[in-house]
Amino acid sequence: QVQLVESGGGLVQAGESLRLSCAASGRTFENYAMAWYRQAPGKAREFVAAVTQNSDSTFYSDSVKGRFTISRDDVKNTVSLQMNSLKPEDTAVYYCGSRIGFASIANLMKYSTYDYWGQGTQVTVSS
C-alpha cells in the first residue's frame with residue numbers, strides 16, 4: 001500500500017510559476033514510476049508528466065512540454081512538478097499517481113496504469 005499526499009497548489013496569475021510536491025509513504029519508492037495528472041471541471045483526468053524509476057526517463061503532454069518539469073527524489077520519497085509560464089488553461093486539480101514495475105511509454109500515459117493516487121491539489125491560474 002502506498003499513500004500519496006500532494007501539496008503546493010494555489011492561485012497565481014498567468015505567467016507565474018508554482019511547484020507541486022507529492023510525498024509517498026513506503027520503503028520501495030524507488031521501484032515506482034510516478035506521474036502527474038490533472039482534471040479540470042467537467043473534463044476527464046488527463047496526463048501531464050511521468051518519470052520512470054531511477055529518473056531514467058521523463059515524459060510530458062504536448063500542452064505542458066517546455067513549461068513543466070517533473071523530478072523525483074528517491075531519498076526523500078517525493079516527486080515534484082515545477083510549473084512555469086502558467087496559463088489559465090492549466091487550471092485544474094492536480095493528482096499524483098504511482099505504479100510499481102516497468103511500463104511502456106504508451107502505458108505511462110494511461111490513467112489505468114497507475115495503482116495509487118493522492119487526493120489532489122488545486123491549481124488556479126487567473127488571466
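**From a polar pair to the nonpolar cores**

The side chains of Glu46 and Arg38 form a polar contact at 2.6 Å. This pairing belongs to a predicted model, and Glu46 offers a convenient point of entry into that model. Glu46 lies in strand 5, the element that spans residues 46–51. When residues up to four places away in sequence are set aside, Glu46 touches Tyr37 and Arg38. Because its relative accessibility is 35%, and partly exposed covers the range between 20% and 50%, Glu46 is classed as partly exposed. Ile100 stands 54 residues from Glu46 along the chain, and the C-alpha atoms of these two residues are separated by 20 Å.

Strand 5 also leads to the interior, as one of the elements that give two or more residues to the largest nonpolar core. This core has 27 residues, of which Met34, Trp36, Leu81, Met83 and Tyr94 touch the most other members. The elements that supply two or more of its residues also include strand 4 (32–39), strand 8 (78–83) and strand 9 (92–100). Strand 3 (18–24), strand 7 (68–73) and strand 11 (121–126) complete that list. The most is given by strand 3, which provides 4 residues.

Met83 illustrates the surroundings of one such core member. Not counting residues up to four places away in sequence, Met83 touches Glu16, Ser17, Leu18 and Leu20, together with Arg67, Phe68, Tyr94 and Val123. One of these partners, Tyr94, is itself among the core residues that touch the most other members.

Apart from this assembly there is a second, separate core of 9 residues. Among its members are Ala50, Phe59, Ala103 and Leu108.

Notes:
Residues numbered from 1 in each chain as written. Predicted model: local features only at pLDDT ≥ 70, side-chain atom pairs only at ≥ 80, totals over all residues. Heavy atoms only, no water. Core = buried A, V, L, I, M, F, W, Y, C linked by side-chain atoms within 4.5 Å. Buried < 20%, exposed > 50% of the residue type's maximum accessible area, 1.4 Å probe, protein only. Contact = heavy atoms within 4.5 Å. Polar contact = N/O pair within 3.5 Å; in protein donor to acceptor, adjacent residues only side chain to side chain.
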